[in-house]
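Visitor: I'd like a close look at one part of this fold and what surrounds it. Could you walk me through it slowly?

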Amino acid sequence: MTPKEIVAVIYDSFSAGDMDKFASVLADDCILFMNGMHILSGTYVGKEAIMTNFMAKVGKHFPDNTAGEPVRMIAEEGNVFTLMSIKGENLDMSAGHHHVVVDGEITEFHIFDDSQKWAMTLKPL
């Protein structure tokens, strides 16, 4: 698969709620960075930490009916930048996600979403 196709697995599996498939394209030592100062912000190191400490929070805190859709993907070598449209309850934003793909796995996932909008719309526990 090309780097774009590998990154597309993230979005397709997230939309389908298939977290096993989502995790299947992450390298064991993948690093995820989420900008901002809200409950999801931070650096998550390793596939296990991403799935148990980040993705588990996403399911609990995302507003109802939140959906992200890739608008455009641009790839250069192993770098893939995805322009996203994210919509949900009281939420409508564009976002940028950068992935680094090495040897068929995502090794870095940088989430450059509008952190102020997330801070205002994320549900508390």
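Which helices and strands do the buried residues of helix 3 pack against?

Guide: Quick ground rules: this is a predicted model, where local features need pLDDT of at least 70, side-chain atom pairs count only at pLDDT 80 or more, and totals for chains, interfaces and linings use all residues. Numbering runs from 1 along each chain as its sequence is written, and side-chain values use heavy atoms, with hydrogens and water left out.

Now to your helix. Helix 3 covers residues 47-61; it has 15 residues and reaches 20 Å from its first C-alpha to its last. (Helices are DSSP runs of H or I with at least four residues, strands are runs of E with at least two, and both are numbered from the N terminus.) Its buried residues are Ala49, Ile50, Met51, Phe54, Met55, Val58 and His61. Buried here is under 20% relative accessible area, exposed is over 50%, and partly exposed is in between (1.4 Å probe, protein chains only).

So, what do those residues meet? Three helices are on the list: helix 1 (3-16), helix 2 (19-24) and helix 4 (115-121). The strands they pack against are strand 1, strand 2 (42-45) and strand 6 (105-112). Contact is counted when heavy atoms are within 4.5 Å.

Look next at the start of the helix. Lysine 47 of helix 3 is paired with aspartate 28 of strand 1 (residues 26-34), 19 residues apart, so the pair links distant parts of the chain. Their side chains meet in a salt bridge at 3.6 Å, N to O, and a search of the whole structure finds just that one. (The cut-off is a side-chain nitrogen of Lys or Arg within 4 Å of a carboxyl oxygen of Asp or Glu.) The two partners don't sit in the same kind of setting: lysine 47 counts as partly exposed because its relative accessibility is 22%, while aspartate 28 counts as exposed at 62%.

From Phe54, you can step across to strand 6. Isoleucine 111 lies in that strand and touches Phe54, along with Leu32, Phe33, Met34, Asn35, Gly96 and His97, leaving aside residues up to four places away in sequence. At 6% relative accessibility, isoleucine 111 counts as buried. For a sense of scale, its C-alpha is 17 Å from that of isoleucine 6, and the two are 105 residues apart in sequence.

One of those neighbours, histidine 97, takes you on into strand 5 (residues 91-102). Histidine 97 is buried too, with a relative accessible area of 6%. Its own contacts, again skipping residues up to four places away in sequence, are Tyr11, Val80, Phe81, Thr82, Met84, Phe109, His110, Ile111, Phe112 and Asp113.

Finally, a couple of loops are worth a click. Between strand 5 and strand 6 you'll find aspartate 103, which has a positive phi of about 50° although it isn't a glycine. Aspartate 103 is exposed, with a relative accessible area of 77%. Glutamate 77 is in the loop between strand 3 and strand 4, and its phi is near 55°, a positive value in a residue other than glycine. At 72% relative accessibility, glutamate 77 counts as exposed.

Terms used
The expected span of a helix is 1.5 Å times one less than its number of residues.
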